[in-house]
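Colleague: Could you take one part of this model and go over it closely for me? I'd like to hear how that part fits in with everything around it.

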Amino acid sequence: MMAFSRVAYVCKVPTHVPARAGHDGSGSILVRTGGEPDIDRLPAELLSAGGRERLQRRLADGELFVVGELDGRLVSCTWLRPGGGFSLHHLPGKSFRLGDGVGYGHDAWTDPALRGRGLRLAVFAEELRILERLGLGWEVSYFVDHQLEGGRRNLARIGVPVTALWKIRVRPDGSLALTALSEDSSVTPRFEYTREEEVPS
Ligand SMILES: CC(C)(COP(=O)(O)OP(=O)(O)OC[C@H]1O[C@@H](n2cnc3c(N)ncnc32)[C@H](O)[C@@H]1OP(=O)(O)O)[C@@H](O)C(=O)NCCC(=O)NCCS
């Protein structure tokens, strides 16, 4: 199992993108909704240990696979769930309900050799437009603590603000402490949890 950062943030962003993506480096990336053949174009490490079957199940469950191609290669991608709920695969059994008009984006990836060139930002902008066309006003996603500021900085380049809704801390005993950072009802935990402020530090 992938190691989970001790702290992560569940955040939301509006799906309306005021500015075009594409700063230096994203070049002529083509972003589109992918299908099963695109899963096989992912690098082997993302498909090993049952990965292919897990991704195929996502398509069968109605998730959208958004892929970015550069010179005919699949170089960046992400997954979108157009409503319902989600659970963090690092935290099995802990699911969250999405409010009306809210989608969920997860498992973003860019080819390691091409990171830092704006590819994720170009895919992010397009996935937001896809959700907006589906009538959804918000995308929820989570950021591990060390990616939150970078994610904010990145999305600010296309005029998209990031609002943190929940802070999730994994305690040393594996239990969770949640802090509601907003009154917002876009995401509601479906499990019993302890509020962070109730835990002596
Ligand atoms: C996170 C990741 C998708 C970013 O892809 P990328 O194509 O390099 O991203 P871009 O070039 O568009 O942007 C880089 C910027 O995004 C920021 N960033 C970091 N995490 C981010 C995230 N989760 N979402 C959006 N932007 C992120 C970086 O800090 C950087 O900002 P800076 O240039 O101001 O320092 C890539 O590093 C990756 O695949 N990492 C491994 C998988 C992962 O951690 N996925 C995210 C969690 S689901």
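Modeller: Let's start with a hairpin: β9 and β10 make one, with five residues between them, and G174 in its turn has a positive phi of about 90 degrees. Strand names, like helix names, come from DSSP runs (E over at least two residues for strands, H or I over at least four for helices), numbered from the N terminus. Before going on, bear in mind that this is a predicted model, where local features need pLDDT of at least 70, side-chain atom pairs count only at pLDDT 80 or more, and totals for chains, interfaces and linings use all residues. Residue numbers start from 1 along each chain as its sequence is written.

The two arms of the hairpin are β9, residues 163-170, and β10, residues 176-180, and they pair antiparallel over five bridges. I call two strands paired if DSSP finds at least two bridges between them. To find one of those bridges on screen, look at W166, whose partner in β10 is A180. In general, strands of a sheet pair through backbone hydrogen bonds, either parallel or antiparallel. You get the other sense too, since β10 and β12 pair in parallel over two bridges. There, L178 has R195 in β12 as its bridge partner.

Now zoom out to the sheet that holds the hairpin. It is an open sheet of nine strands, ordered β2-β3-β4-β7-β8-β1-β9-β10-β12, with mixed pairing. Its edges are β2 (30-34) and β12 (194-195), each of which pairs on one side only. Further along the order, β4 (residues 73-81) and β7 pair antiparallel over five bridges, and C77 stands opposite W109 in β7. A helix packs on this sheet as well: α5 touches β1 (7-14) and β8 (138-144), and its direction makes about 135 degrees with that of β8. For that angle, axes are lines fitted to C-alpha atoms (for helices over the stretch in contact), and values run from 0 to 180 degrees between N-to-C directions.

F143, in strand β8, is a handy residue to click on here. It counts as partly exposed, with 19 other C-beta atoms within 10 Å. The scale is: buried at 20 or more other C-beta atoms within 10 Å of the residue's own, exposed at 12 or fewer, partly exposed in between, with C-beta atoms placed from the backbone. Setting aside neighbours within four places in sequence, F143 is in contact with A8, Y9, C11, L148 and G151; a contact means that the C-beta atoms, placed from the backbone, lie within 7 Å. From F143 to V162 you go 19 residues in sequence and 11 Å in space, C-alpha to C-alpha.

The ligand ties some of these elements together. Around it are 19 residues, and T110, R115, R120, Q147 and G150 come nearest. Elements giving two or more residues to that shell are β7 (102-110), α4 (119-133) and α5 (145-156). "Near" here means a C-beta atom, placed from the backbone, within 6 Å of the molecule or strand. By type, the shell divides into five nonpolar, nine polar and five charged residues. In that split Ala, Val, Leu, Ile, Met, Phe, Trp, Tyr, Cys and Pro are nonpolar, Asp, Glu, Lys and Arg are charged, and the others, Gly among them, are polar.

Elsewhere there's an open sheet of three strands, β5-β6-β11, paired antiparallel. Its edge strands are β5 (85-87) and β11 (187-189), each pairing on one side only. Strand β6 (residues 95-98) is joined to β11 by three bridges, and F96 has P189 as its bridge partner.

Back to that positive phi. Most residues other than glycine have a negative phi. Still, A49 has a positive phi of about 50 degrees without being a glycine; it sits in the loop between α2 (44-47) and α3 (51-60). D71, in the loop between β3 (64-70) and β4, also has a positive phi, near 50 degrees.

As for the whole protein, you're looking at five helices and 12 strands. Of its 201 residues, 30% count as buried.

Definitions and conventions
Two residues are in contact if their C-beta atoms, placed from the backbone, lie within 7 Å.
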